[in-house]
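Hi everyone, thanks for coming along. Today I'd like to walk you through one protein chain, a stop at a time, so please have a look at what is on the screen.

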Amino acid sequence: MANEKVDFSLKVISPNIGANNITGNGGITTETDLVEINLFLFVKIVRARNLFVHYGHYNFAPYVEVKAGDFHGITLCFGGNSDPEWNQVFALDQDKVETKEMTSVEIVVKDDALRQHGYMGRISLDISDISTRFPTDSALAPQWHVLEDQCGRRGMGELMMSCWIGTQADESFHEAWHLQVGVVQIGSHNIVTTCSRIYIMPRIWCLRFNLIQVEGLMLEADDDPSESSDIFIHATLGNWTFNTKLAKSNNGDAIWNEKDILFAVAEPLNQILFLSVEQGTFTRHKRLGKCGFPVKNAAMIFDGSAPSTKTIDVIQNNEFVGKLSLRICLDGGYHMFDEDPRYSSDVNPTCDSLWRPTVGVFELGILNATGLPAMKPHGRTDAYCVAKYGSKWVRSRTVVNSLSPKWNEQYSWCVYDPCTFVTISVFDNSQLHDGNIATEAMDIRIGRVRISLSEMETGRIYIYSYPLVELQPSGLKKMGELQLAFKFTCSDMLNVYKMYTLPMLPAQHTSDPLSPIQFYELRKQTIMLVSSHMSKAEPPLRREVVDYMLDSREVVWSMRRCRADFERINAFVSWFVGIYTQFDEIRKWKNPILTIIICLVLYILIIHPQHLLPAMFSCLILHTLLQLRKKPKTLSHVNLHLSHVHTSSVDELEEEFDPMPSKFNDVILRHRYDRLRVAAGRYVTQMGEFAMRVERLQSLLSWHDSLATMFIMILCLIAGIVTLAVPFKAIVFVWLLHLLRHPILLSPFPP
């Protein structure tokens with residue numbers, strides 16, 4: 001009952017974004033159109049020199065601390081270096097700067113090698129004297145500043161730095177470490193995990209190979225008569241393996257030539273496909289030889305053509321033992337799905353020469369979040385956003401210790417197909433402290449939003465506050481709201497219309513379609529490759545982040561989803577049921593005037609049948625125009641009623657989130673199994689009734705019921721004579737006259 005009082009609706013908001021302040025720009029897009037323009041105080045620490053002259057010895061570890069009121073940040077620490085180079089940028093929101101207590105910025109050089117972090121020198125700058133830099137300006141040149149001691153006297157050491165006031169359009173904004181309140185302690189080497197980044201997915205190919213045969217194997221005589229002489233190939237590529245079927249050995253020769261084996265491989269193509277020839281069964285076998293094939297040597301094809309046959313020597317103990325024939329290629333005609341196909345952001349094939357032309361640009365402004373829950377002790381949340389469209393991922397900066405973080409970052413993507421989705425998720429950063437990293441703490445998901453580009457009007461700016469809804473085993477929970485501004489622009493609408501005339505997937509998916517099992521395995525491998533690639537970036541996109549963005553969780557039975565999907569299908573079927581209901585009301589003369597009009601229209605169509613199809617299409621157009629008044633005023637979001645999240649019990653949700661294998665005991669599993677049997681039994685009963693009716697129809701012509709079959713034959717004979725002698729128009733006219741007869745003439749008994 002508590003969930004019903006929570007507002008899960010999508011709200012239209014009116015923040016003061018940059019596009020509201022720009023007039024007469026002729027449609028020119030700027031880097032702050034979709035975000036609130038904020039001013040930041042930037043401090044760039046470049047390097048220092050002659051520190052040992054100032055301090056007097058070489059054994060020290062200098063670092064720089066930037067302080068502005070209660071906000072501070074520190075650079076990395078370099079031991080034993082008198083001329084350290086940092087190249088680090090610090091930033092502070094101007095709203096926090098404009099206070100009476102904060103009048104200056106202090107840059108202090110300290111020594112980490114001494115107790116109490118020894119003081120080496122400082123520079124103090126008045127905030128009122130710091131100049132403002134516009135986004136169109138070139139980078140501000142850093143200058144050398146002589147360090148002062150605690151008494152304000154000039155020392156010998158020098159620090160190269162620069163300080164300015166700019167906006168989030170500044171090129172240093174995404175690299176900057178944002179100053180925080182002094183109580184928040186973050187290791188200097190963990191600062192990089194708070195910066196915003198752009199990630200590009202690797203290009204992923206479909207490696208397909210067909211094992212044809214092995215020839216000339218030198219088989220050893222075996223004294224054990226129970227030992228099988230069958231041969232199979234064990235293929236290994238990275239962490240993935242595959243076994244061919246067993247083939248009979250014919251004097252050292254074995255033939256397979258079975259269906260192609262598919263693997264997903266990512267660039268750079270430095271993997272090696274290992275093939276091992278095994279004799280025996282899958283459970284008991286011995287190796288006869290092995291060989292390896294570099295993936296980069298495989299031919300690249302784009303049109304589904306068969307590659308040429310290659311022959312590889314099979315080696316055992318550095319000796320030649322046979323030859324293996326196979327066809328192998330890198331197929332670039334498929335789109336390698338990493339996302340759920342229902343919410344895909346990209347459908348282009350691997351080969352970029354087959355890509356469709358761009359139809360427009362999608363721009364996204366990540367504004368802020370409100371009402372986030374505390375994800376850490378002491379009421380803390382360190383939130384950041386991740387957005388994905390196509391092969392481009394973006395990660396916003398982490399706003400430390402805030403339940404209402406403000407990002408105001410803007411990104412853009414090229415759009416190749418308007419029928420795609422953009423995914424934005426919010427996470428809590430758990431990598432800021434060494435203790436969490438040591439315990440391998442995971443970044444916790446807070447919520448996710450999907451935006452459908454096909455629902456958007458081109459050129460219009462949408463500004464919404466999306467509820468962050470998270471379905472948990474305990475039920476539905478609102479995790480706050482995420483405020484976004486976005487738009488889709490297109491220079492030529494004809495290109496967009498053309499996309500609707502093309503097939504959704506590349507031609508290779510139609511000419512040589514993947515089986516459901518092949519599709520599932522390739523998507524699983526693709527997600528693993530993407531996750532591995534992203535984890536090697538700096539800062540890394542962690543495995544749990546990639547899995548949540550790509551919705552890679554294993555699909556298992558869910559009573560909630562079953563009811564939701566049944567209702568979705570029922571909503572479509574109800575359209576036809578509604579047509580039948582209206583026709584039945586017309587047939588029963590519930591509205592005599594409407595029935596008479598329909599009868600006249602039908603009789604005119606019988607006399608002039610060439611108008612039948614135009615009339616049908618006209619009715620369809622009229623129905624579509626009537627639906628225009630019901631068009632939603634906002635973009636689609638989570639449909640809680642259709643999702644059945646409120647009608648599902650806690651036990652059903654726990655079953656949906658139960659991992660494989662199950663973590664519950666036998667009693668709970670037995671109860672769920674019995675419930676599944678009852679639900680499946682109802683569907684089986686309905687299928688049985690449908691099958692019985694179909695069999696009755698078949699029995700009319702199969703002589704199972706001789707009288708019924710004879711009766712049908714007589715009716716067919718009469719119908720054939722009547723349709724031969726009477727014009728078709730007259731038959732239809734009489735049938736409609738009988739069907740639409742007045743209720744007075746209707747019999748109270750069914751036919």
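Let's begin with an open space. The second largest pocket holds about 1300 Å³. Its lining is made up of 30 residues, and those closest to the centre are Ile579, Ile598, Leu602, Met616 and Cys619. Before I go on, please keep in mind that this is a predicted model.

Which helix supplies the largest share of the lining of that pocket? The one to find is helix 10, with nine residues. At least two lining residues each also come from helix 8, helix 9, which covers 592-607, and helix 15, which covers 728-739.

Now stay with helices 8 and 10 and look at the surface. A nonpolar patch there has about 1200 Å² of accessible area in total, and its members include Ile569, Trp575, Phe576, Ile579, Met616 and Leu620. The elements that each give two or more residues to this patch are helix 8, at 559-587, and helix 10, at 612-626. Helix 8 is the top contributor, with seven residues. For one example from the other helix, take Leu620, which lies in helix 10. Its relative accessibility is 44%, so Leu620 counts as partly exposed.

From open space to enclosed space. For anyone new to this, rolling a probe the size of a water molecule over the atoms shows where empty space is left. Across the whole structure, the search turns up two cavities of 30 Å³ or more. The largest cavity has a volume of about 50 Å³. Around this cavity you will find His335, Met336, Phe337, Leu514, Phe519, Leu522, Arg523 and Thr526.

Next stop, the cysteines. A disulfide is a covalent bond between the sulfur atoms of two cysteines. How many disulfides does the count come to? The count is zero. Why is Cys206 not bonded to Cys329? The sulfur of Cys329 is the closest cysteine sulfur to that of Cys206, but at 7.7 Å it is too far for a bond, given that a disulfide needs the two sulfurs within 2.5 Å. Cys385 is in no disulfide either, as the nearest cysteine sulfur, in Cys195, is 16 Å away. Cys206 is buried, with a relative accessible area of 0%, and Cys385 is buried with a value of 0% too.

Let's turn to charges. Side chains of opposite charge can pair when their charged atoms come close. In this model, the count comes to 31 salt bridges. I'll show you a few of them.

The side chains of Lys110 and Glu65 form a salt bridge, at 2.9 Å from N to O. Lys110 is in strand 6, residues 104-111, and Glu65 is in strand 3, residues 62-68, so this pair ties together parts that are 45 residues apart in sequence. Is Glu65 buried or exposed? With 10% relative accessibility, Glu65 counts as buried.

A second pair is Glu278 with Arg287, at 3.7 Å from N to O. Here the two partners sit differently: Glu278 counts as buried at 6% relative accessibility, whereas Arg287 is partly exposed at 43%.

The third pair is Arg356 and Asp417, at 3.1 Å from N to O. Arg356 is in the loop between strand 22 and strand 23, and Asp417 is in the loop between strand 26 and strand 27, so the salt bridge ties together parts that are 61 residues apart in sequence. Both Arg356 and Asp417 are buried. There is also a network, in which Asp7, Lys11, Lys478 and Glu481 are joined by salt bridges that share partners.

Last, some details of the backbone. The peptide bond that joins Glu267 and Pro268 is cis, with omega at about 0 degrees. You can find Pro268 in the loop between strand 17 and strand 18. Another cis peptide bond runs from Glu538 to Pro539, with omega near 0 degrees, and Pro539 is in the loop between helix 6 and helix 7.

Then look at two asparagines. Asn317 has a positive phi, near 55 degrees, and lies in the loop between strand 21 and strand 22. Asn401 has a positive phi near 55 degrees as well, in the loop between strand 25 and strand 26. As for their surroundings, Asn317 is exposed, at 66% relative accessible area, while Asn401 is partly exposed, at 36%.

That's my tour. Thanks for listening!

Key
Residues numbered from 1 in each chain as written. Predicted model: local features only at pLDDT ≥ 70, side-chain atom pairs only at ≥ 80, totals over all residues. Heavy atoms only, no water. Patch = residues over 30% accessible without salt bridge, like charges linked within 9 Å, V, L, I, M, F, W, Y side chains within 5 Å. Areas by Shrake-Rupley, 256 points an atom, 1.4 Å probe, with all protein chains shown as cover. Salt bridge = Lys/Arg side-chain N within 4 Å of Asp/Glu carboxyl O. Helix = DSSP H or I, 4+ residues; strand = E, 2+ residues; numbered from the N terminus. Buried < 20%, exposed > 50% of the residue type's maximum accessible area, 1.4 Å probe, protein only. 1 Å grid on protein atoms, 1.4 Å probe; cavity = no way out; pocket = protein on both sides within 12 Å on 5 of 7 lines; lining within 4 Å. Points joined across faces, edges and corners; volume = space filled by probe spheres on them.
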